[in-house]
Amino acid sequence: MKLLMLYASAGGGHKKAAEVVKSYLQEQDPSHQILLVDTLKEVNWLADKFCCDGYQLVAKYAPGIFGAFYKTADKESSLADLVPTLTARMSRKLLPLIRQFQPDVILTTYHFSAQMVSHLKGTGQIRTPLVSIITDYGPHRAWISPHVDAYVVSDSGMIEKLMARGVPQAIIHPFGIPVESKFFRKQDTRNLRLHIGLDPQLPTLLFMAGSFGVRSVRRIYQEISELSDPLQCIVITGRNKTLYQQFQQLAARSPHDTKLVYFTAHVDRYMHASDLLLTKPGGLTLSESLASNLPLAVFGAIPGQEEDNEQFLLQHNMAVSIQENTCAATVSSLLRNPGRLAAMKNACKAFDKSDCASNICSLLKKLAESSGNSR
């Protein structure tokens, strides 16, 4: 099978979802030919800067503006009508790539990528089956395109929401958002904590700042440090050297043992070693946490898709929402109520999407075969 995978660098989740599917397919059959392409970099450098760098700047420094933009684009408006017009124009830059590679199936993990391919299908320039993975936990108008052959969504609750937007139920597949298989593998919590250098018996809190939660995670850590509850912490700062240095000072003053981690390729180990994750509700981190059966305490949701993510978690009892100045009391209440924390963990466990990659790959093969394009 020849598979063209289109993503964008607007956050890490879109590319990561594509990479997970690619890795699974190649493990199953190395003969698959898979081409992974950053759509916006391929078609228009200005669109790439606006949608990726611009998104990060606005979401970080003016989240209210981003939220207003997000909501306006999700309803009948001139903005909502403008976006498909622009992606239709950019789609012609994708056509040479598609014709040269001649894929059996096209898989997108970014809404504008799906819009471009949908336009090419609608105008008869290509006939390749199109699969769109929606990498959010709530619906949005931008994800809906008229010539998508299959949607892969986060859970069954999305089916009714997409149907309300005109998507036929038969093409909606609640397989989940692709996550690396290591997050689904059960690991021994005691041994992991010993290996990390932490007490195997103490409740363990994992802090992850993400790209936009730097200031909040510092303050929340400081508030948690004032708790008298027995606990220990893991803090992952990513590639943020300044944040790492700041946490070195904070951890030195904290009465609670803290394992400070710079960039790591083993986030799964730290998740499996923890009892609660404190983070912003970004889609990738959220999905990895659920796969690890790790309840969340979420803060600082960016208006838009992160608010949808947070609402999904709260509705399914997988998380609590925390605010600065009151987060310590909320976390303390959880630690003193192990039954509630266990119920949240069980809710995460019940949300089992460990067959996600397998189901997506079966769907891709089925579409390729039904269209007569399978090789």
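A residue counts as buried when its relative accessible area is under 20%. By this criterion Val-105 is buried in the predicted model, because its relative accessible area is 0%. Val-105 is found in strand 3, which covers residues 105-108. Residues up to four places away in sequence aside, Val-105 touches Met-1, Lys-2, Leu-3 and Leu-4, together with Thr-128, Pro-129, Val-131, Leu-364 and Ala-368.

Ser-154 is likewise assigned to the buried class, because its relative accessibility is 0%. Ser-154 sits in the loop that joins strand 5 (150-152) to helix 8. Apart from neighbours within four places in sequence, the contacts of Ser-154 are with Asp-136, Tyr-137, Gly-176, Ile-177, Phe-351 and Lys-353. Val-105 and Ser-154 are 49 residues apart along the chain, and a distance of 21 Å separates their C-alpha atoms.

The largest nonpolar core comprises 44 residues. Within this core, the members that touch the most other members are Leu-4, Leu-40, Leu-94, Ile-106 and Tyr-151. Two or more core residues are given by each of strand 1 (2-7), helix 2 (39-43), helix 3 (45-61), helix 4 (63-72), helix 5 (78-91), helix 6 (95-101), helix 7 (111-122) and helix 8 (157-163). Helix 3 supplies the largest share of this core, with five residues. For Leu-40, with residues up to four places away in sequence not counted, the residues touched are Tyr-7, Ala-8, Trp-45, Ala-47, Asp-48, Cys-51, Cys-52, Tyr-110 and Met-116. A second core, separate from the largest one, holds 30 residues, among them Tyr-270, Ala-273, Leu-294 and Cys-348.

Two helix pairs were examined for packing geometry. The axes of helix 5 and helix 7 come within 8 Å of each other, with a crossing angle of roughly 65°. Helix 5 is therefore classed as roughly perpendicular to helix 7, since the roughly perpendicular class runs from 65 to 115 degrees. The crossing of helix 5 past helix 7 is right-handed. On the helix 5 side, the contact is made by Val-83, Pro-84, Thr-87, Ala-88, Met-90 and Ser-91. The helix 7 side contributes Phe-112, Gln-115, Met-116, His-119 and Leu-120. Met-116 of helix 7 is also one of the residues touched by Leu-40.

For helix 3 and helix 4, the axes are 5 Å apart and the packing angle is about 120°. Helix 3 is therefore oblique to helix 4. In this pair, Tyr-55, Val-58, Ala-59, Lys-60 and Tyr-61 of helix 3 meet Pro-63, Ile-65 and Phe-66 of helix 4.

Side chains of opposite charge can pair when their charged atoms come close. The number of salt bridges in the model is 13. One of them joins the side chains of Lys-15 and Glu-19, with an N to O distance of 3.9 Å. Both residues belong to helix 1 (residues 13-28), where Lys-15 and Glu-19 are four residues apart, about one turn of the helix. Lys-15 is classed as partly exposed because its relative accessibility is 33%. Glu-19 is also partly exposed, at a relative accessible area of 28%.

Lys-16 forms a salt bridge with Glu-180, at 3.3 Å from N to O. This pair links distant parts of the chain, 164 residues apart: Lys-16 lies in helix 1, whereas Glu-180 lies in the loop between strand 6 (172-173) and helix 9 (189-196). Lys-16 is partly exposed, with 24% relative accessibility. Glu-180 is partly exposed as well, with a relative accessible area of 27%.

A further salt bridge connects the side chains of Arg-219 and Glu-324, at an N to O distance of 3.2 Å. This pair also links distant parts of the chain, and its members are 105 residues apart. Arg-219 lies in helix 10 (residues 214-225), and Glu-324 is in the loop between strand 12 (319-321) and helix 15 (327-335). The relative accessible area of Arg-219 is 40%, so this residue counts as partly exposed. Glu-324 counts as partly exposed at 27% relative accessibility.

Finally, Asp-38, Lys-41 and Asp-48 are linked in a network of salt bridges. Asp-48 is in addition one of the residues touched by Leu-40.

Definitions and conventions. Residues numbered from 1 in each chain as written. Predicted model: local features only at pLDDT ≥ 70, side-chain atom pairs only at ≥ 80, totals over all residues. Heavy atoms only, no water. Core = buried A, V, L, I, M, F, W, Y, C linked by side-chain atoms within 4.5 Å. Buried < 20%, exposed > 50% of the residue type's maximum accessible area, 1.4 Å probe, protein only. Contact = heavy atoms within 4.5 Å. Salt bridge = Lys/Arg side-chain N within 4 Å of Asp/Glu carboxyl O. Axes fitted to C-alpha atoms, helices over the stretch in contact; angles between N-to-C directions. Parallel < 35°, antiparallel > 145°, perpendicular 65-115°, else oblique. Left-handed = near helix turned anticlockwise from the far one by under 90°.
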